[in-house]
Amino acid sequence: MGVLQHIQHQISALNDLIRINNDRVAGYEKAIENTEETGLNLLFNEYIDQSKNNVSELREYIHVLGGDPTDGTTLSGKFYHAWMDVKAAFINKDRHSILSDCERGEDIAKKAYRTALDDKELIWQDEKVVSILNNHLESLRIAHDTIKSLRDTANV
């Protein structure tokens, strides 16, 4: 793989992470619509802000690489959120269901970051981007564990 192809591959991977973070924002916005619990809404807004900050850092690094950052979401994210809309119309979401949906979203986000960091073709040589991705992944792990803990203690 040539240098230009390598950079394009990195830009593509970072844009995928932007899409995942945008999916995460949309997922938590949907979760906020489905609950009136102040504590959950505060937490969900915190995770929305976290993803927006992640996107900002990723966009900045894509610019450093000379690329154009995306603004979209993943196709699967669009399908997932459309399904949540349909599901929400027919089912009264309880705390456990909302938190289960959020945990699934956190699992997807963590997997995307782990995949990017483990991609042998990317071989991230810039320690700054490795640090950024590892910091994002660690914050996603913490968010996942918090959501999981809340879900486990929710009345079923």
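The following questions and answers cover one asparagine and several salt bridges in a predicted model.

User: Why is asparagine 41 called buried?

Analyst: Its relative accessible area is 17%, and buried means under 20%, so asparagine 41 falls in that class. Asparagine 41 sits in helix H2, residues 38-64.

User: What makes the approach of the asparagine 41 side chain to threonine 35 close enough for the distance limit of a polar contact?

Analyst: A polar atom of the asparagine 41 side chain lies 3.4 Å from the backbone oxygen of threonine 35. The limit is within 3.5 Å, so the distance meets it. Leaving aside residues up to four places away in sequence, asparagine 41 touches Ile32, Thr35 and Glu36.

User: How do you know that lysine 30 and glutamate 33 form a salt bridge?

Analyst: The closest N and O atoms of lysine 30 and glutamate 33 are 2.9 Å apart. A salt bridge needs the nitrogen within 4 Å of the carboxyl oxygen, so the pair qualifies. Both residues belong to helix H1 (residues 3-33), and because they are three residues apart, about one helical turn separates them.

User: Which of these two is buried and which is exposed, and why?

Analyst: Lysine 30 has 15% relative accessibility, and the cut-off for buried is under 20%, so lysine 30 is buried. Glutamate 33 has a relative accessible area of 59%; exposed means over 50%, so glutamate 33 is exposed.

User: Why does the pair glutamate 60 and lysine 128 count as a salt bridge?

Analyst: The N to O distance is 3.9 Å, and the cut-off is within 4 Å, so the pair counts. This salt bridge links distant parts of the chain, with glutamate 60 in helix H2 and lysine 128 in helix H5 (residues 127-153), 68 residues apart.

User: What makes glutamate 60 and lysine 128 partly exposed?

Analyst: Glutamate 60 has a relative accessible area of 48% and lysine 128 has 45%. Partly exposed covers values between the 20% and 50% cut-offs, so both residues are partly exposed.

User: How do you know that arginine 104 and aspartate 101 meet in a salt bridge, and where do they lie?

Analyst: Their N to O distance is 2.2 Å, and the cut-off is within 4 Å, so the rule is met. Both lie in helix H4 (residues 95-118), three residues apart, about one turn of the helix.

User: Why is aspartate 101 called buried?

Analyst: Its relative accessible area is 6%; buried means under 20%, so aspartate 101 is buried.

Key:
Residues are numbered from 1 along each chain as its sequence is written. This is a predicted model: local features need pLDDT of at least 70, side-chain atom pairs count only at pLDDT 80 or more; totals for chains, interfaces and linings use all residues. Side-chain values use heavy atoms; hydrogens and water are left out. Helices (H or I, at least four residues) and strands (E, at least two) are DSSP runs, numbered from the N terminus. Buried means under 20% relative accessible area, exposed over 50%, partly exposed in between (1.4 Å probe, protein chains only). A polar contact is a pair of N or O atoms within 3.5 Å; within protein, one must be able to donate a hydrogen and the other to accept it, and residues adjacent in sequence count only if both atoms are side-chain atoms. Contact means heavy atoms within 4.5 Å. A salt bridge is a side-chain nitrogen of Lys or Arg within 4 Å of a carboxyl oxygen of Asp or Glu.
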